[in-house]
Amino acid sequence: MKIVIINYGAGNIQSIKFAIQRLGFEAKLSDNAEEIQQADKVIFPGVGEASSAMKKLKATGLDQLIPQLTQPVLGICLGMQLMCKHSEEGDTKGLGVFDVEVKRFSNQVKVPQIGWNQISNLQTELFQGIKEQEFMYLVHSFYAEKCEEMIAETIYDVAYASALKKNNFFGVQFHPEKSSQAGEKVLENFLKLEIRNTKYEIRNTKYEIRNTK
Amino acid sequence: MLTKRIIPCLDIKNGRTVKGVNFLDLRYAGDPVELAQFYAENSADELVFLDISATEEKRKTLADLVLRVAEKVNIPFTVGGGISSVEDVDVLLQFGADKVSINSSAVKRPELINELSAKFGSQCVVVAIDAKQVDGEWKVHLVGGKVATDLNLFDWAKEVEKRGAGEILFTSMNNDGTKNGFANEALAKLSTDLNIPIIASGGAGTMQHFADTFKEGKADAALAASVFHFKEIAIPELKEFLNEKEILVRR
């Protein structure tokens, strides 16, 4: 299985690479369009500020490439936020994969949210074997609003979408690579996705969303 | 809901853990990676590695350690000790550290906080503050509490937040090593004054001390070293205890 982590100079890529390695796979870092397109599975990481990250994507044309990918894609943290329609952070236009707005937490709570919070209303194979109210590690100041594409929910200041899915695109706000065994299970589920769903199936059928509750 | 965090701190010298004798368990003595794995498997929420070595090869040894920890450990970790430049931080983050902690270098050159948060994001910048209460006033100290400054703890903490720190790790020199509990009054003031998470450090002796620092001290996380390393408190038991006190922790 060819796993590519999109390398655009934003984020803690090493940790994701190591987490995949602990699961018995190897991931390659790449910013090469052909290599990314040919991968069985693509991870789109990101830590930092939205508008500068988006500039980096545009500079390499990755902003055009990513929404057109047909294999399973997993956006993590800022990666997920960049896949949304728009972010309040730096008034940034996103890739528009997910039809949702990214907003800043209010000052009623400490910002950034740093630490372990719970995920609930878990849906799709991504959360197979993960129990409701499982703890995941999150570090962020901005959040995706609740929406149709939500497959996990978390509460901090407001109830928000801590995971999203549309067709072959998945996004998680938490860091699976830093969320102990539960996080590794989510990553493993993602890697397994393509085994059960060929590219063709993912491209052409909206497979049924199964509620694991 | 967001949980309160329990953070063991590992002192590192020349790539090895300090305090080898009686250290948790003989099989963990010395190797920071094995010890880190032990804690990760035993409910620790995060880890802090504090490098206290003063050799010329320090940078390389610390970077090597970060890489080895990142390879094996599946929870977040922070590294600190003598970090003073954007270049230092760049290497450590690239090698897999989640956050860095700066202390004296931030007091000497506060702009470093701005530079780091602009380049890497606030979320990975922890500013450690050591302070001592002298004649009723909390004064910031440097070099592990040995050198006094004129800085007031609360003024400095506010400045640190304004400059872009993502978290503050506050160690009370009055409490550190006493095992009489954390400096909850000062912690509560920090937590109320600021809008970033506060990590309590210095004074942990009993499980009740942790409950107190989360409730009275309003701390977001609590850090300790010897009570964990010497097995006086086991983290899974501590979490059971906190849960019974209705303090939400990851279990």
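This is a short talk on a predicted model with chains A and B, covering the build of chain B, the contact between the chains, and a few helices.

I'll start with chain B as a whole. The chain contains 10 helices and 11 strands. How compact is chain B for a globular protein of its length? Its radius of gyration is 17 Å, and the globule rule gives 18 Å for 251 residues; the two values are close, so chain B is as compact as a globular protein of that length. If you draw a box around its C-alpha atoms along the principal axes, the box comes to roughly 40 × 40 × 35 Å. Of the 251 residues, 51% count as buried. Now take the contacts in chain B between residues at least 6 apart in sequence: 65% of those join residues at least 24 apart.

Next, the place where the two chains touch. On the chain A side there are 27 residues, in contact with 27 residues of chain B. Which elements of chain A supply at least two residues each? They are helix α1 (13-22), strands β8 (113-119), β9 (134-140) and β11 (150-156), and helix α6 (180-196). The largest share comes from β8(A), with 6 residues. Sorted by class, this side of chain A has 12 nonpolar, 11 polar and 4 charged residues.

One of those elements deserves a second look, and that is α1(A). Of its 10 residues, 8 are buried, so α1(A) is largely enclosed by the rest of the structure. The buried ones are Ile13(A), Gln14(A), Ser15(A), Ile16(A), Lys17(A), Phe18(A), Ala19(A) and Ile20(A). Just after the helix comes Gly24(A), which has a positive phi of about 95°.

Back to chain B, for two pairs of helices. Two packed helices are described by the angle between their axes and the distance between the axes.

The first pair is α8, residues 207-215, and α10, residues 235-244, both in chain B. Their axes come within 10 Å and cross at roughly 50°. α8(B) and α10(B) are therefore oblique to each other. The crossing is right-handed. Where do they meet? From α8(B) come Met207(B), Phe210(B) and Ala211(B), and from α10(B) come Leu238(B), Phe241(B) and Leu242(B). In this contact, 6 residues are nonpolar, with no polar and no charged ones.

While we are on α10(B), look at Pro236(B), which lies in that helix. Is Pro236(B) buried or exposed? Pro236(B) has 12 C-beta neighbours inside 10 Å, and 12 or fewer is the cut-off, so this proline counts as exposed. Setting aside neighbours within four places in sequence, Pro236(B) is in contact with Asn42(B) and Ser43(B). Pro236(B) and Glu41(B) are 195 residues apart in sequence, and their C-alpha atoms are 10.0 Å apart in space.

The second pair is α6, residues 153-162, and α7, residues 184-193, of chain B. The axes come within 11 Å and cross at roughly 35°. α6(B) passes α7(B) in a right-handed crossing. Leu153(B), Phe154(B), Ala157(B) and Lys158(B) on α6(B) meet Ala186(B), Lys189(B), Leu190(B) and Asp193(B) on α7(B). Here the classes are 5 nonpolar, no polar and 3 charged residues.

To put the two pairs side by side: the contact of α8(B) with α10(B) has no charged residues, whereas the contact of α6(B) with α7(B) has 3. That is where I stop.

How values were computed
Residues are numbered from 1 along each chain as its sequence is written. Chains are lettered from A and ligands numbered from 1 in the order in which they are written. This is a predicted model: local features need pLDDT of at least 70, side-chain atom pairs count only at pLDDT 80 or more; totals for chains, interfaces and linings use all residues. Helices (H or I, at least four residues) and strands (E, at least two) are DSSP runs, numbered from the N terminus. The radius of gyration is taken over C-alpha atoms; the globule rule is 2.2 Å times the number of residues to the power 0.38. A residue is buried if 20 or more other C-beta atoms lie within 10 Å of its own, exposed if 12 or fewer, and partly exposed in between; C-beta atoms are placed from the backbone. Two residues are in contact if their C-beta atoms, placed from the backbone, lie within 7 Å. Ala, Val, Leu, Ile, Met, Phe, Trp, Tyr, Cys and Pro count as nonpolar, Asp, Glu, Lys and Arg as charged, and the others, Gly among them, as polar. Axes are lines fitted to C-alpha atoms, for helices over the stretch in contact, and angles run from 0 to 180 degrees between N-to-C directions. Angles under 35 degrees count as roughly parallel, over 145 as roughly antiparallel, 65 to 115 as roughly perpendicular and the rest as oblique. A crossing is left-handed if the near helix is turned anticlockwise from the far one by less than a right angle, and right-handed if clockwise.
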